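This briefing sets out the principal packing relations within one protein model. The strands come first, followed by the helices and the nonpolar cores.

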Amino acid sequence: MRKSKLVFVLVSLFALGLAACSGVAAAQNATPAASSAASETSRTIAVSGSGRAFLTPDIAYINIGVHTESKDAAQAVDENSTQSAEVIAALKEAGIADKDIQTTNFSIYPQQQYDQGQPTGEITYVVDNSVYVTVRNLDSIGDLLDTAVAAGANSINGISFDVQDRTAALSDAREAAVSDAAAQAEELAQAAGLELGTIQSISVMSGSNPPVPMFQARGVGGMAEAAASVPVSTGQMVVTVEVNVVYAIQ
């Protein structure tokens, strides 16, 4: 009985050994094929293409504010509030809708006065009130600035232009970028005596370079003349798209 058990164990161990050897051989035989497949998939050409589209701005944004100073805090606030209300009323009368006028800053702070670099001990209270104005009629910007200044605005921080709908321009820029990438890949393949295959991957990055003409002014004297004398030009915006494309090599 013990002899039969021993024979059974020996036969089982022998079978397990044969199975292990077969597995190792199979793995060794599969390795060259796997390496060959990896080698085939690594035969690619990677290129970057760029495309641009030009747009004419159709909307503008302006920060318009009122800056007042007084030795009395309450008086500084009252003067600023009255002046700001007049500016907002003038903007609305000029055709700016309520939804396009948004308060972005109201601040009051004490400012130490100096004489020849030394503090005098006197305090002046400074009040700023600014609104963010959306202008949808670009032909009216020059007149609008003049109107705001005449109404009491004495802090205009800048003008920025934009395009409300960039869908078509982005589509044109993407198409141009892909065409640019394809032309580069074909040129490289021909130079190397190769033939392009299908696209393996593609990634896109887009951006824009808007024109930002600036109108900056702060103060209480000569503001109306300054606003009336500053020309405003919308210029053009440039939408750019960059694509990274990987082609297989046949």
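In this predicted model, strands β2 and β4 run antiparallel and are joined by 11 bridges. Strand β2 also pairs with β5 (residues 155-162), again in the antiparallel sense, over seven bridges. Helix α2 packs its buried residues against β2, among other elements, and β2, α2, β4, α3 and β5 each supply at least two residues of the largest nonpolar core.

**Strand β2 and its partners**

- In the pairing with β4, Val66 stands opposite Asn129.
- On the β5 side, the residue opposite Tyr61 is Ser160.
- Strand β2 is mostly covered, with nine of its 12 residues buried.
- In a regular strand, side chains alternate between the two faces of the sheet.

**Helix α2**

- Helix α2 comprises 21 residues (73-93) and reaches 30 Å from its first C-alpha to its last, close to the 30 Å expected at 1.5 Å a residue.
- Its buried residues are Ala76, Asn80, Ser84, Val87, Ala90 and Leu91.
- These buried residues lie on the same side of α2, because they cover an arc of only 120° around the axis.
- An α-helix has 3.6 residues a turn, so residues three or four places apart point the same way.
- The buried residues of α2 pack against three strands, β2 (59-70), β3 (101-115) and β4 (118-135), and against helix α3 (141-151).
- Exposed residues Asp78 and Glu93 are carried on the face of α2 turned away from its buried side.
- The N-terminal end of α2 is capped by Asp72, which has a side-chain oxygen 3.3 Å from the backbone nitrogen of Ala74.
- After α2 comes Gly95, with a positive phi near 110°.

**Asp100 in the loop between α2 and β3**

- Asp100 is located in the loop that lies between α2 and β3.
- Because its relative accessibility is 6%, and buried means under 20%, Asp100 counts as buried.
- Neighbours within four places in sequence aside, Asp100 contacts Tyr132, Val133, Thr134 and Arg136.

**Helix α3**

- The buried residues in α3 are Ile141, Leu144, Leu145, Ala148, Val149 and Ala151.
- Viewed down the axis of α3, these buried residues fall within an arc of 165°, so they line one face of the helix.
- The face of α3 turned away from its buried side carries Asp143 and Ala150, both exposed.
- Gly152 follows α3 and has a positive phi, near 125°.

**Nonpolar cores**

- The largest nonpolar core has 23 residues, and those with the most contacts inside it are Ile62, Ile64, Leu91, Val135 and Ile141.
- Helix α3 provides the largest share of this core, six residues.
- One of the residues with the most contacts in this core, Ile141, is in contact with Ala60, Ile62, Val135, Ile159, Phe161 and Val232, leaving aside neighbours within four places in sequence.
- Another core, of 19 residues, lies apart from the largest one and includes Val47, Ala185, Val243 and Tyr247.
- In soluble globular proteins, nonpolar side chains tend to be buried together.

Conventions. Residues numbered from 1 in each chain as written. Predicted model: local features only at pLDDT ≥ 70, side-chain atom pairs only at ≥ 80, totals over all residues. Heavy atoms only, no water. Helix = DSSP H or I, 4+ residues; strand = E, 2+ residues; numbered from the N terminus. Expected span 1.5 Å × (residues − 1). Buried < 20%, exposed > 50% of the residue type's maximum accessible area, 1.4 Å probe, protein only. Arc of directions from axis to C-beta. Contact = heavy atoms within 4.5 Å. Polar contact = N/O pair within 3.5 Å; in protein donor to acceptor, adjacent residues only side chain to side chain. Pairing = 2+ DSSP bridges. Core = buried A, V, L, I, M, F, W, Y, C linked by side-chain atoms within 4.5 Å.
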